[in-house]
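Reader: I'm new to this structure and would love some help reading it. Could you show it to me, and then we can talk through a feature or two?

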Amino acid sequence: MCSLLRNFILLTTRLGWRSNASFAIRGTKMCSTADTSGIDVQGLMTDKLTRQFSPAKLDVINESYMHNVPKGAQSHFKVIVVSDFFKGQSLINRHKAVQETIKDEIANMIHAISIVAKTPEEWEKTNPGSLKSPACMGGMKAEAAQKA
Amino acid sequence: MLGLLQRCLVRQGQRSLHSGRPALMAVSSDSGVGTTQNLSESDIHQDIDKRVKKSKVVVFMKGTKEQPQCGFSNAVVQIFRMHGVDDFDTVNVLQNEGIRQGIKTYSKWPTIPQVFLDGEFIGGCDIMIQMHRSGELGETLRKAGIESQISDPPAAKDTTEETTPSTSSTNVKS
């Protein structure tokens with residue numbers, strides 16, 4: 001029965017059956033982002049990061065408008081976390097700590113995340129212009145076209 | 001019957017959501033060499049293991065070196081180009097859903113692109129940009145025996161170009 005259901009899900013998502021199956025899309029991750037309308041993704045991530053890192057500075061920026069997604073989307077985010085927590089930690093470990101804190105949002109709600117994790121001393125020396133996100137290459141649209 | 005199916009689908013979706021890790025899916029519409037169908041996670045990890053050890057530098061990305069399909073993947077390719085490193089392998093995860101999901105559990109890193117040097121994961125786009133800016137990337141490449149054309153830490157200059165944000169509002173879930 002389980003495999004039957006799985007095949008059914010695969011079939012319906014592959015055929016582009018969307019009318020009544022947003023939960024199936026979310027569950028199977030056929031699409032990169034779930035329907036998050038009604039969920040304050042930015043607020044969720046802000047709360048979790050504040051609790052975890054007691055940051056001296058925290059910015060959770062919705063950069064979705066820079067990408068090929070519908071207006072009001074919550075798909076692309078940048079988080080800037082400045083905290084003593086990162087002292088003496090490698091770049092990879094800093095990023096992993098941030099990723100772990102908001103892993104549910106990364107896995108289930110958003111498409112892309114850019115992370116800046118610095119100590120207050122490093123932040124003092126940071127040129128804000130250097131934190132610009134890469135330009136969009138139309139990736140999500142290309143992915144959708146490839147899967148269609 | 002439809003109601004039953006819907007309930008099961010919801011349950012399946014919730015399981016996947018709670019695990020925080022999507023089930024690996026083999027998609028038959030994948031094409032090209034290296035398509036993984038009905039492979040277990042450990043099979044996929046073995047496949048990835050072989051791929052990361054095939055070359056000094058391997059980048060798992062969206063699109064190809066010639067035609068990146070994501071700004072983050074493009075940034076990584078451009079950084080290597082700036083260092084004069086052109087001879088690196090890429091794996092287009094958009095061509096292989098199994099690898100696209102499997103690479104995240106292999107490296108315990110949830111996003112793409114991912115860069116491997118001598119079989120070791122060294123970072124994603126943000127880390128590559130930061131390593132490039134601090135001069136650490138040139139140093140790391142040289143330690144691995146790869147000649148970088150950038151000898152000194154680059155000046156505070158952006159690695160990406162500004163372009164007009166897209167105004168299109170195409171529904172990408174089509």
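Reader: Which residues of helix 5 of chain B are buried?

Author: Happy to help! In this predicted model, the buried residues of that helix are Cys125(B), Asp126(B), Ile127(B), Met128(B), Ile129(B), Met131(B) and His132(B). Seven of the 10 residues of helix 5 of chain B are therefore buried, and the helix is largely enclosed by the rest of the structure.

Reader: What do those buried residues of helix 5 of chain B pack against?

Author: Parts of both chains. From chain A come helix 4 and strand 3 (112–118). Chain B itself supplies helix 3 (71–82), strand 3 (114–117), strand 4 (120–123) and helix 6 (136–143).

Reader: How should I read a pair of packed helices?

Author: Two packed helices are described by the angle between their axes and by the distance between those axes. Here, helix 4 (residues 91–101) of chain A and helix 5 (residues 125–134) of chain B have axes that come within 11 Å and cross at roughly 150°. Angles over 145 degrees count as roughly antiparallel, so helix 4 of chain A is roughly antiparallel to helix 5 of chain B. Their crossing is right-handed.

Reader: Which residues make the contact between helix 4 of chain A and helix 5 of chain B?

Author: Helix 4 of chain A contributes Leu91(A), Ile92(A) and His95(A), while helix 5 of chain B contributes Asp126(B), Ile127(B) and Gln130(B). By type, three are nonpolar, two polar and one charged.

Reader: What comes just after helix 5 of chain B?

Author: There you will find Gly135(B), with a positive phi of about 95°.

Definitions and conventions. Residues numbered from 1 in each chain as written. Chains lettered and ligands numbered in written order. Predicted model: local features only at pLDDT ≥ 70, side-chain atom pairs only at ≥ 80, totals over all residues. Axes fitted to C-alpha atoms, helices over the stretch in contact; angles between N-to-C directions. Helix = DSSP H or I, 4+ residues; strand = E, 2+ residues; numbered from the N terminus. Parallel < 35°, antiparallel > 145°, perpendicular 65-115°, else oblique. Left-handed = near helix turned anticlockwise from the far one by under 90°. Contact = placed C-beta atoms within 7 Å. Nonpolar A, V, L, I, M, F, W, Y, C, P; charged D, E, K, R; others polar. Buried ≥ 20, exposed ≤ 12 C-beta atoms within 10 Å, placed from the backbone.
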